[in-house]
Amino acid sequence: MNSSSAKNIALYIFLILGVVANAQRPVQRNASDCTGAILICGNTEIGITPTGVGNNEFSQPGNPEPACLRFGQFDQAWFKVDIETDGTFNFVLEPDDGVADYDFAVFGPTTDCSNLGPAIRCSSTNPQNAGVPAATGLNSTSTDLTEGPGNLGDGFLRQLDVKAGESYYIIVALAVGSGGFSINVDGSTTFPEAAVANDVPDIQECDDNDGSRDGFKEFDFSSLDASIIQGQPNALVSYYTTLNDANLGINVITFPFRNSSSPQEIFYRVERTDSQCTDFNSFQIQVDGENINAAQIFICSPNASETFDVATIIDGLIPNNTRLSIEYYNSQNDAETGTNQVSSLYTITTVVQRAYIRINDPFSGACEQIINVPIVIENPPTIATPSDLNVCDDDFDGLITTDLRAQNTSILNGLDPNTHRVQYFVSVADRMNSLNAITTLSNTVNPQPVYVLVTNTPTGCTSNTDFQLVVNPKPVLAQQEDKIYCLNAIDPLELAVEPGFDFYEWSTGESGAALNSINVTAPGDYQVTVTNNFGCTTALTITVNPSDLPIVGSIDVTDFQRGNNSVTINVAGPGNYEFAVDEGQFQDSPSFTGLESGFHIYRVRDKNGCGTVTDQFAVLDYQPFFTPNADGFNDIWTLDALSDFPDARLFIFDRYGKLLRQILPDSAGWDGTSRGEPMPSSSYWFTLEIPERPVVRGFFALKR
């Protein structure tokens with residue numbers, strides 16, 4: 001398309017971080033700055049990747065910030081439009097996903113980015129809020145010059161009437177959403193003619209011009225100019241080593257040019273002198289046939305020398321070599337001159353030997369190469385066969401999970417662990433194929449064989465050994481019931497576990513080879529750790545609980561119940577106690593009922609065998625009648641056990657309330673007389689006063 005028919009130009013802008021795309025080839029532009037604005041030229045398709053918000057052009061006095069944009073909030077891209085002919089200019093900006101919200105502002109006509117002036121078009125309509133399509137831009141039907149924000153407007157503003165020689169700047173900002181957009185330019189005006197950097201093939205040459213065979217040589221790319229321009233008028237070509245230099249037009253390559261790597265990418269720039277439009281492309285140069293220094297090859301052998309056929313490793317050095325001519329030499333000079341060719345068999349020793357391999361492709365005429373292959377014998381690592389790994393069982397089943405790396409130090413036997421890898425396997429086949437290496441082992445048999453592979457990591461040389469994982473039993477100790485220690489005991493309590501083990505260590509600090517028992521004089525938890533002849537241990541805790549004679553707190557008697565009196569014996573102490581009254585059986589309950597009046601004996605016994613406490617208590621009650629007829633039965637009325645209350649006062653009254661007698665606590669009782677005279681058969685009353693006890697009143701009968 002020429003400048004006179006330049007319409008509907010599609011510009012594809014991809015707002016993602018990365019390399020810029022110009023047509024099919026990469027171009028880097030700082031299009032987020034006004035000074036790096038993309039020039040709309042001819043029918044060139046331009047793609048960019050804006051890098052953030054760029055410089056703040058609106059901080060300059062000649063660039064007032066447009067009302068529809070707030071600098072620094074959004075990723076942005078700048079475009080420059082140079083007008084070739086009078087006419088109209090409009091465009092349609094279409095988000096790739098059909099929903100993203102793009103705002104824009106147009107400035108001009110102006111000559112540079114420092115004097116943009118106020119925006120002549122400004123749009124910040126949000127299409128989703130406004131209920132309109134996401135496309136935005138300038139067209140021939142709209143009349144408004146600004147719209148937005150939010151739901152104001154339909155996304156389009158009035159097109160520009162432009163004149164030849166004018167320049168305009170457009171800023172596009174992604175307000176909401178993500179993704180790229182396309183911009184289609186239209187109107188009756190025309191634009192500067194685009195430059196096109198046409199493709200040229202990559203350059204591949206042989207490294208044989210100076211005899212150094214180092215992969216470097218001199219080039220002159222000026223012969224490519226005509227192919228790159230292909231008849232474009234007013235077009236200049238320049239070459240660069242970086243894409244950035246090509247974009248900025250700095251550090252131009254001069255000839256002759258010597259490559260710095262192989263392959264190396266060369267960038268070229270085509271610039272129109274009549275429009276300032278540019279295009280970019282690249283090709284690669286490769287210098288083949290240089291000498292190649294291969295990585296050192298180690299021949300693992302216990303011998304001082306070996307005959308080695310280099311042809312056995314040629315596929316690893318030269319892939320796809322079936323059509324190549326391969327020759328072997330003893331020196332670099334022989335290989336380069338093709339003299340003194342030898343067989344592929346070399347005698348290798350512990351001193352580095354070098355095989356020089358010359359490679360040619362007789363069918364394609366490709367460049368020859370010489371590979372310098374250093375080869376040396378490396379002895380297998382000298383390792384030690386470790387003792388069996390003896391571990392102690394943890395649950396008496398002969399199976400356990402063990403970290404095998406505990407054997408590393410003894411296996412390496414002084415070798416550097418940083419350059420030697422120790423691997424463990426459960427089968428010879430796994431070790432042979434270097435499969436299923438393990439670091440921890442849960443044994444399935446006892447003992448279990450373990451197979452070891454030690455690799456010298458720089459050389460790849462290996463050595464083998466093996467050992468057995470042996471799971472030894474723990475000492476078996478019978479669980480013991482809790483023991484009792486009487487706090488009133490004179491003799492200590494013996495604690496004992498099974499004899500016959502190698503060592504005993506008690507938590508008291510006592511230990512010894514035969515110390516399977518100790519004596520203790522206090523309650524508590526006592527732990528013993530027992531070690532057997534395998535060095536395996538088992539710990540057992542024996543609990544000793546305290547016990548002691550009871551401490552009697554109070555004797556709670558409920559008396560005057562006419563023969564159904566009761567008592568509760570309250571005790572304290574660390575023991576487990578049982579109770580008995582008089583000659584009765586022991587019981588767990590401290591309470592007794594059905595007691596007659598008088599004195600009783602109680603016994604409180606520690607069930608753990610720490611002793612018995614015995615004492616008496618009194619139960620008061622009275623006779624309902626007495627017969628003072630000197631027959632020896634019920635001749636005296638008294639309160640049994642009153643002598644246990646020396647401060648008691650007992651008064652006897654007749655039925656009319658006359659005091660007849662006071663009975664002393666230690667007296668025999670009342671004989672039924674008053675002032676020496678027998679009292680008649682009748683009912684009589686008594687009052688009993690005992691300090692700190694309720695007063696007791698009652699009556700009884702005198703029968704003659």
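This dialogue goes through strands, two single residues and disulfides in a predicted model.

Trainee: Where do I begin with the strands, and how covered is β13?

Mentor: Begin with burial along the strand. In β13, which spans residues 167-176, 8 of the 10 residues are buried, and the strand is mostly covered.

Trainee: Which strands pair with β13, and in what sense?

Mentor: Look for bridges to other strands. Strand β5 (residues 76-82) pairs with β13 in the antiparallel sense over 7 bridges. Strand β7 (residues 101-107) also pairs with β13 in the antiparallel sense, over 7 bridges. To fix the register, take one pair from each. D82 stands opposite S167 of β13, and F107 stands opposite Y169 of β13.

Trainee: How should I read β30?

Mentor: In the same order, burial and then pairing. Strand β30 covers residues 420-425, and 5 of its 6 residues are buried, so the rest of the structure largely encloses it. It is joined by 6 bridges to strand β32 (residues 448-456), and the two run antiparallel. For the register, the bridge partner of R421 in β32 is T455.

Trainee: What is the strand order in the open sheet that contains β48?

Mentor: Read the order across the sheet rather than along the sequence. The 5 strands lie in the order β47-β53-β52-β48-β49, with mixed pairing. At the edges are β47 (625-626) and β49 (659-663), each of which pairs on one side only. Within this sheet, β48 (residues 649-653) and β52 (residues 682-689) run antiparallel and are joined by 5 bridges. One register point here is F653, whose bridge partner in β52 is W685.

Trainee: Now a single residue. Is N456 buried or exposed, and what is it in contact with?

Mentor: Start from the element, then accessibility, then the neighbours. N456 lies in strand β32. Its relative accessible area is 10%, so N456 counts as buried. Apart from residues within four places in sequence, N456 is in contact with E378, P381, T419, H420 and C461. H420 belongs to the range given for β30, residues 420-425. Sequence separation and distance in space are separate readings: N456 and R655 are 199 residues apart along the chain, and their C-alpha atoms are separated by 123 Å.

Trainee: What should I check for a buried charged residue such as R121?

Mentor: Look for a side chain of opposite charge, then for other polar partners. R121 is in strand β8, residues 121-125. It is buried but has no salt bridge, and the nearest side chain of opposite charge, D161, is 6.5 Å away. For a salt bridge the cut-off is 4 Å.

Trainee: Which backbone oxygens does the side chain of R121 reach, then?

Mentor: There are two to note. A polar atom of the R121 side chain lies 2.6 Å from the backbone oxygen of R158, and the side chain reaches the backbone oxygen of Q159 at 3.0 Å. Beyond four places in sequence, the contacts of R121 include F104, A105, V106, L138, L145 and L157.

Trainee: How many disulfides are there, and how do I read one?

Mentor: A disulfide is a covalent bond between the sulfur atoms of two cysteines. The count in this model is 6 disulfides. One of them joins C41 to C277, with an S to S distance of 1.7 Å. The link is left-handed, at -85 degrees about the S-S bond. C41 sits in the loop between β4 and β5, and C277 in the loop between β19 and β20, so the pair ties together parts 236 residues apart in sequence. C41 is buried at 4% relative accessibility, and C277 is buried at 1%.

Trainee: Which parts of the chain does the disulfide of C300 and C461 link?

Mentor: Their sulfur atoms are 1.9 Å apart. C300 is in strand β22 and C461 in the loop between β32 and β33, 161 residues apart. The torsion is about -90 degrees, so this disulfide is left-handed. C300 is partly exposed at 39%, whereas C461 is buried at 0%.

Trainee: And where do C392 and C536 lie?

Mentor: C392 is in strand β28 and C536 in the loop between β39 and β40, so the pair ties together parts 144 residues apart in sequence. The S to S distance of C392 and C536 is 2.1 Å, and the link is left-handed at -90 degrees. C392 is partly exposed at 31%, and C536 is buried at 0%.

How values were computed. Residues numbered from 1 in each chain as written. Predicted model: local features only at pLDDT ≥ 70, side-chain atom pairs only at ≥ 80, totals over all residues. Heavy atoms only, no water. Buried < 20%, exposed > 50% of the residue type's maximum accessible area, 1.4 Å probe, protein only. Helix = DSSP H or I, 4+ residues; strand = E, 2+ residues; numbered from the N terminus. Pairing = 2+ DSSP bridges. Contact = heavy atoms within 4.5 Å. Lys, Arg positive; Asp, Glu negative; His and termini not counted. Polar contact = N/O pair within 3.5 Å; in protein donor to acceptor, adjacent residues only side chain to side chain. Disulfide = S-S within 2.5 Å.
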